[in-house]
Each structure stands twice: as structure tokens, then as C-alpha cells.
Amino acid sequence: QVHFVESGGGSVQAGGSLRLSCKASGATVSINAFGWYRQAPGKDREMVAASSTGSNPYYIESVKGRFTISRDTADDTMYLQMNNLKPEDTAVYYCKGYGVGGSSLNDWGQGTQVTVSA
């Protein structure tokens, strides 16, 4: 199994930027894909962005052009660069890894809080 620890959240004003990090440990060689998710108060958790080996990254429509997902394999860390943040981006952000075939590699962690003020 793989263990992920999210960090990098904070409070920013609208238009600001944050870079979230997701440090992986354990059987990191098994990570074939990973995704960033978020959950706002009173809402379901949703996938924000995803990256899979050999495929183009995926973004939900509301973050296209503002968020960038990436991975540093040498450091076993995944990132989510978030620019031009909006109040509706306020949520707890989580990362999740997947093996070949889409099997989940980790349980949900504590996430990292992102708060964007108008």
C-alpha cells in the first residue's frame, strides 16, 4: 500500500495562488495514476484533476486553465499548482493514487484546507 500526505493549503485572496503537495511513501513504484480531489462544506467530494502514465491530464471544467497537475517521480511527490483562485475553490483537498487497472492504492488522508476569500 501507498501512504500519501497532503500539504500546502492555506488562506489566500481571490486571484492568488497555492501549490499543493502530496508526498507518497511505501510502494510508490505501483502508482500508475493519481488524482486530486476536493470536498467543500456540505458537498460531495469531487475529482479536480488526474494524471495517468501515458495519458493527457484531466481537469474538471471549472479549473481548466488555472490548475496544473504534475508529479516528481524522483521525489515521489505529486503537485497541484492552483492559480487565479476563486472563492468557489474553497475546500479540503485530497490526493489519491491508483495502480494499473485503476485499483485504489490508499485510503483518504486528512487533506489540506484551501480557503479563498473574495
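**Exercise 1.** Which class, buried, partly exposed or exposed, does K23 fall into according to its relative accessibility? Then describe the contact that D75 makes with K23 and place both residues along the chain.

*Solution.* The model under study is predicted. As a starting step, take the accessibility of K23, which is 38% in relative terms; because buried means under 20% and exposed means over 50%, K23 counts as partly exposed. Next, turn to D75, whose relative accessible area of 33% makes this residue partly exposed as well. The two residues form a salt bridge, in which the closest N and O atoms are 3.3 Å apart. Finally, locate the residues: K23 belongs to strand β3 (residues 18-26), whereas D75 sits in the loop between β7 (67-72) and β8 (77-82), so the pair ties together parts that are 52 residues apart in sequence.

**Exercise 2.** Describe the salt bridges that D89 makes with R38 and with R66, and state which network they belong to.

*Solution.* Begin with R38, whose side chain meets that of D89 in a salt bridge at 3.0 Å, N to O. Since R38 lies in strand β4 (residues 33-39) and D89 in the loop between β8 and β9 (91-98), this pair ties together parts that are 51 residues apart in sequence. Both D89 and R38 are buried.

Continue with R66, which forms a salt bridge with D89 at 2.7 Å, N to O. R66 is found in the loop between β6 (58-59) and β7, and D89 in the loop between β8 and β9, so parts that are 23 residues apart in sequence are tied together. R66, like D89, is buried. To conclude, salt bridges with shared partners join R38, E46, R66 and D89 into one network, and the structure holds 5 salt bridges.

Technical notes. Residues numbered from 1 in each chain as written. Predicted model: local features only at pLDDT ≥ 70, side-chain atom pairs only at ≥ 80, totals over all residues. Heavy atoms only, no water. Salt bridge = Lys/Arg side-chain N within 4 Å of Asp/Glu carboxyl O. Helix = DSSP H or I, 4+ residues; strand = E, 2+ residues; numbered from the N terminus. Buried < 20%, exposed > 50% of the residue type's maximum accessible area, 1.4 Å probe, protein only.
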